[in-house]
Amino acid sequence: MSAGQVDSQPRIHRADVTAVTRVGKAMVRVTLGGPDMVDYPTTGVGDEWVRVFFPDAPGEAVRLPRLEGRGWVYEDGVEPSEMRTYTIRDWRPGEVDVDFVVHGTGVATTWATSVDVGGQAGLTEPVAVYRRAEDAGHQFLFCDEPGLPAALRICEEAPEGLASTLVCEVRDSGYEIQPARDDIECIWLPGAGNGVSPSRLPDVLSGMDIPQGAAVWVGTESRVSRTLRRQLREEKGLARTAATTMGYWVHDKEGWIAAYDALGEEFADKVRTLYDSDRDPDEVADIVDGLYEKNGL
């Protein structure tokens, strides 16, 4: 490869930590760059997500797999690295910011709160989810703390003239993070959701006027996301394509996994077959939501 050329083939990028910044009471921003990030792409969509591969310890090198088909593989004898999914808070040529919610002692939280400049992580290339109609005149975003970085970026990068309303649950007063633009309506719900108390988002959505033609984005705990998705369809009458809803995390994940596994391999195969099919993704999401709810997931 000659000087100035970059490898355009999709790959997992080895990223160096170039800065660590505290953002608000419960968020740490890790800036990632370095030689292998010079050609790191962006979809240009505010909720683009990536898989982050972590080293065994913050000061160690990260072991990276190679991409193969729709997944990845490690060389024989190489222990897989821990991996989690996050959104890109900001993208600049050769550098990205990833915001980590600080809670508990999980792999990602431990790494983000203890890594220093010079540390490493691995990043897959980003995938966008939000599909906002070009003629939408207003966008409504519903989230909790894990979904807030994506929601903020969507609002901040919205074109001039597109109204944005952000509704966000935070664990307590003082945990709000204000957007970088002052033309965004923010509705904060302190002491709600986030694993500290029941979500208030369904009640708030019920009382809101969501006009036809608006775009809606939801990034919350998985069960809350399913509830909001159903409300948007049944109560608000929004078209399937008008709302993008995602489960960003699962409350009591260990219990959820145990309940899922208890349903057996036949159930898991049914879900995998749906996701691997060529059916419309929104239709698949509806079917899977119904299967989960029917089985108490």
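Here is a walk through this predicted model, from its parallel sheet to its hairpin, cavity and pocket.

Let's start with the open sheet. Five strands make it up, in the order E12-E11-E10-E13-E14, and their pairing is parallel. At the edges sit strand E12 (184-190) and strand E14 (243-249), each of which pairs on one side only. Going from one strand to the next, the twist averages 10°. Strands of a sheet pair through backbone hydrogen bonds, either parallel or antiparallel. For a look at one such pair, take strand E10 (residues 138-143) and strand E11 (residues 163-170): they run parallel and are joined by six bridges. If you want a landmark there, Phe-142 stands opposite Val-167 in E11.

Now add the helices. Helix H2 (residues 148-156) lies across E10, E11, E12, strand E13 (215-221) and E14, and runs at about 165° to E10. How many of the residues of H2 are buried? Nine of the nine are, so H2 is largely enclosed by the rest of the structure. Among these buried residues are Arg-153 and Glu-156, along with Leu-148, Leu-152 and Ile-154. Helix H4 (residues 222-234) lies across E10, E13 and E14, at about 155° to E13.

Val-218 is a handy place to see how these pieces meet. Val-218 lies in strand E13, and with a relative accessible area of 0% it is buried. Leaving out residues up to four places away in sequence, Val-218 touches Phe-142, Ser-225, Leu-228, Leu-232, Thr-244, Thr-245 and Met-246. Phe-142 is the residue we just met opposite Val-167. Val-218 and Gly-247 are 29 residues apart along the chain, and their C-alpha atoms are separated by 8.1 Å.

Next, the cysteines. Zero disulfides are found in the structure. Cys-143 is in none, and the nearest cysteine sulfur, in Cys-168, is 3.6 Å away. Why do Cys-143 and Cys-168 not count as bonded? Their sulfurs are 3.6 Å apart, which is too far for a bond, because a disulfide here needs the two sulfur atoms within 2.5 Å. Cys-143 is buried, at 0% relative accessible area, and Cys-168 also counts as buried, with 0% relative accessibility.

A couple of loops deserve a glance for their backbone angles. Most residues other than glycine have a negative phi. Asn-194, which is not a glycine, has a positive phi of about 55°. You'll find Asn-194 in the loop between E12 and helix H3 (201-206). Is Asn-194 buried or exposed? At 17% relative accessibility Asn-194 counts as buried, because the cut-off for buried is under 20%. Asp-252 is another such residue, with a positive phi near 55°; its place is the loop between E14 and helix H5 (253-262).

Moving back toward the start of the chain, look at strand E1 (residues 13-23). E1 pairs with strand E9 (residues 120-123) in the antiparallel sense, over four bridges, and in that pair Asp-16 stands opposite Gln-120 in E9. E1 also pairs with strand E2 (residues 27-33), again antiparallel, this time over seven bridges. Here Val-17 stands opposite Leu-32 in E2. E1 and E2 form a hairpin with three residues between the strands, and Gly-24 takes a positive phi near 70° in it.

Gly-24 turns up again when we go looking for empty space. Rolling a probe the size of a water molecule over the atoms shows where such space is left. Searching the whole structure gives one cavity of 30 Å³ or more, and the largest cavity holds about 50 Å³ of space. Which residues line the largest cavity? The lining is made of Val-23, Gly-24, Lys-25, Ala-26 and Met-27, together with Glu-145, Leu-148, Tyr-175 and Ile-177. Leu-148 is one of the buried residues of H2.

Last stop: the second largest pocket, with a volume of about 240 Å³. Its lining includes Trp-49, Arg-51, Gly-71 and Trp-72, as well as Pro-10, Arg-11, Arg-70 and Glu-125. The elements that give two or more residues to this lining are strand E3 (49-54) and strand E5 (71-73).

Key
Residues numbered from 1 in each chain as written. Predicted model: local features only at pLDDT ≥ 70, side-chain atom pairs only at ≥ 80, totals over all residues. Heavy atoms only, no water. Pairing = 2+ DSSP bridges. Axes fitted to C-alpha atoms, helices over the stretch in contact; angles between N-to-C directions. Contact = heavy atoms within 4.5 Å. Buried < 20%, exposed > 50% of the residue type's maximum accessible area, 1.4 Å probe, protein only. 1 Å grid on protein atoms, 1.4 Å probe; cavity = no way out; pocket = protein on both sides within 12 Å on 5 of 7 lines; lining within 4 Å. Points joined across faces, edges and corners; volume = space filled by probe spheres on them.
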